[in-house]
Amino acid sequence: MGVPIRYNLRSLFQRRTTTAMTVLSIAFVVLVFIGVSSLAAGISEAFAASGDPANLLVLRDGARSETESAFDLATARGIAAMPGVERTADDRPLASGEMIVVQIFEREDGSESNVTVRGVGPMAQTVRPDLEIVEGRDFVSGTGEIIVGSDLAQRFRGLRLGEEVRIGLLDFRVVGIFEAGGGNAEAEIWGALEDVGNTFRRENAVSSMRLRTSSAAAMAELERQVESDQRWRVVAQPETQYYAEQTSANTMQFRILGTLLAVLMGFGACFAAANTMYAAIERRGREIGTLRALGFRRPAILLAFLLEAAFLGLLGGIVGCILALPLNGISAGTTNFISFSEITFQLTTTPAVLISGLLVALATGIVGGLPPAIAAARRPITGLLRGS
Amino acid sequence: MIRLAWRNLTRNKLRTLLTVASVALALFVLAVLVALVQAIESTEGTVANRVVVRHAVSLTFDLPEAFGGRLTRLDHVDAVTPLSWFGGVYIDQRPENFFPRFASDPATLFDVFGEYSLPEAEREAWTQDRSGFIAGRALAEKYDWAIGERITIQGDIYPVDLELTLRGIFTHPDLETQERQLFFHRRYLEESLGNPGRVGTYWLLLDAPESVPAVVRGAEAMFESSDAPVRAETEEAFALSFLEMLGNLRLLIGSIGLAIVISILFITANTMAMAARDRTREVAVLRTLGFRRGQVTGLVLAEAVAVGVFGAVCGVGLAVLAIGGLREGMGEVFPAFAALEASPAALGLALAIGAGVGLLSGLAPALGAARIDIVDGLRRVG
């Protein structure tokens, strides 16, 4: 069994050009597949990093995103006072009422997009332990100061530390840059709730509330109480669930596109692999005959040639993965059409994405190599030995 | 010569077939991708002398009702109509049940959107019924709605649910996508909300496309120091602003296309190299028979180009069939697919790439074949 396998694998290196060409054509198919998959994976990761499992998010009944939601401050205060909400050491509720406004900003390349401006109170950072100011300092309420997410500061004009920018009707100054563990907030502008309300003429209202809870059971109970209370028309859901729903809506098209492309292009690469293997068999007729004459049986020949094809595919997969590695970390931005605002994310070649790329390549080699391998095993010894 | 090239192609039928098939598949994918990008970028149906006025901050802000009358008084403005994006949910949140729903003013809608046609009687009936709505023909057919049909749309942007009755079915002369919309009375929405007096966007019809710059300046200056400064732009610019929001996704799709082209280049180049190598001896025989180097080069090139063009023709043919299918099958799930068209540009590009790839992949083997030393070639075995 060892001899045919070793023979076949070494044959691959004997015909370097053909092998290299086939490997490269499979590699590019894998590259396309990984490219689209890492796009979807990047968006998923950005959303997965958003949302804290201890937070319950409250929106107006019927609203699908924070952008659409709004309720008055009295409602917000009432909800914050509910018993299930955790409290600080000095007995204030861990509840963050926030106002979300969407404004057009210019990207570095001059194109425009809608950016989330979030007006927040003192609890906003407490309910988001991941948030960290990495440059400058926090804003001071009432002074026209803002802090900007790190992704946004890099990709949009006028949002770097120290720059002045018109938001709504007033000018604001960037005094800090923050990171949020790769989450969605990194594509947001934050200012004081009163300042944001002021500049957009939206006083005495918030868009959403984040309520901190002590356990999953406490969260479920609070969710039930908030929704069943007759005083207000709101819905509550775990913050993580809110972001997960936006993920699936935003990544579905890429997953479909990626799979479709991989299947179609994979067929093309199968044909290429089949071609290479057929040529190999034709040229190596006498060698196959010799192996058979030495006593190796048909199944052994079939398996060896199939292994050769699989190995060819695997090589292509490995090269494709290496070609795809620079894609990791490329930052991209697009619009989340549910919240109608910019989201930024990094293309992410996760291990799962790379492994599925390798599997696509392996399958390409095996499917493409099976018919030629069968053909090789079927040929009669006498003909093989006599042929050129 | 041509017969020789043809003979060479048909000698190893399986190999030629496999190569043609892989080229065809790759170009099929490429043609569909290009058509998809074109569909996404399409601004078909926009009119050069139509201007959209919206809040300068972003589309999530609305404008006071009173702006409409003031905009009408601008020079060169023939008609003004308000449109508010209602959003909402019909049946459920699945994308196939999503279509645009606008709060509109029946009295002025058709002054600005003259391309929509609605029978006079239906228009009258809609105007009379405050909770009536009109739907495009494609939309009405999809849900099998007949005049008098009652539907409910749940609000998401607006905290109200709409109970609507179908009063008319409008048509668009050439764009089916324009018929996948719904219009209802904005007064109905206003009343449900307690008459806040707000409008999402104003659509202006101008006397001529040349008036656009003056009207844009006039409209923006008119409200510059108000609580709601506005942005005015042509309908086309408005449509393109949605495209800009997609960000660098377009660039990424472009890169995918490039990777596909490179991969088919490798596939065909590989086959051509194999084919040429197998025939070293024959080339030597041809040369002995008196064929010149140039002729031998031409022979191999002709074969390579033929494979590329064959593949491209098959791929493009498949694409034409598939695009129709995708439009019907996926158009309702992804709006971009609804505008999918087998454009000559996309198909032409695929054909050109097929021929180009064939030529390029044949180049090295062809030159190699021409350089063969006759004596060596004749001596070579297999």
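The exercises below work through a sheet, a helix pair and a nonpolar core in this predicted model.

Residues are numbered from 1 along each chain as its sequence is written, while chains are lettered from A and ligands numbered from 1 in the order in which they are written. Because the model is predicted, local features need pLDDT of at least 70 and side-chain atom pairs count only at pLDDT 80 or more, whereas totals for chains, interfaces and linings use all residues.

**Exercise 1. Which strands stand at the edges of the open sheet in chain B, and why is one side of each without a neighbour?**

Step 1. Helices (H or I, at least four residues) and strands (E, at least two) are DSSP runs, numbered from the N terminus, and two strands pair if DSSP finds at least two bridges between them.

Step 2. The nine strands of this open sheet follow the order β6-β7-β5-β8-β4-β3-β10-β1-β11 in chain B, and their pairing is mixed.

Step 3. The edges are held by β6 (150–153) and β11 (230–234) of chain B, and each has a single partner strand, so one side of each is left without a neighbour in the sheet.

Step 4. For β6(B), the strand joined to it is β7 (residues 162–170) of chain B, through four bridges, and the two run antiparallel; within this pairing, R150(B) stands opposite T165(B) in β7(B).

**Exercise 2. How are helices α2(B) and α14(B) oriented to each other, and why?**

Step 1. Axes are lines fitted to C-alpha atoms, for helices over the stretch in contact, and angles run from 0 to 180 degrees between N-to-C directions.

Step 2. Helix α2 (residues 13–41) and helix α14 (residues 344–371), both of chain B, pack at an angle of about 150 degrees, with their axes 9 Å apart.

Step 3. Angles over 145 degrees count as roughly antiparallel, and α2(B) and α14(B) are therefore roughly antiparallel to each other.

Step 4. Contact means that the C-beta atoms of two residues, placed from the backbone, lie within 7 Å; among the residues of α2(B) that meet α14(B) are V23(B), L27(B) and A31(B), and their partners include A350(B) and I353(B).

**Exercise 3. Which residues have the most contacts inside the largest nonpolar core?**

Step 1. Such a core is a set of buried Ala, Val, Leu, Ile, Met, Phe, Trp, Tyr and Cys residues joined through C-beta atoms within 7 Å, where buried means that 20 or more other C-beta atoms lie within 10 Å of a residue's own.

Step 2. The largest core has 172 residues, and V32(A), L27(B) and A31(B) have the most contacts inside it.

Step 3. Its largest share, 19 residues, comes from helix α2 (residues 16–48) of chain A.

Note on methods:
A residue is buried if 20 or more other C-beta atoms lie within 10 Å of its own, exposed if 12 or fewer, and partly exposed in between; C-beta atoms are placed from the backbone. Angles under 35 degrees count as roughly parallel, over 145 as roughly antiparallel, 65 to 115 as roughly perpendicular and the rest as oblique.
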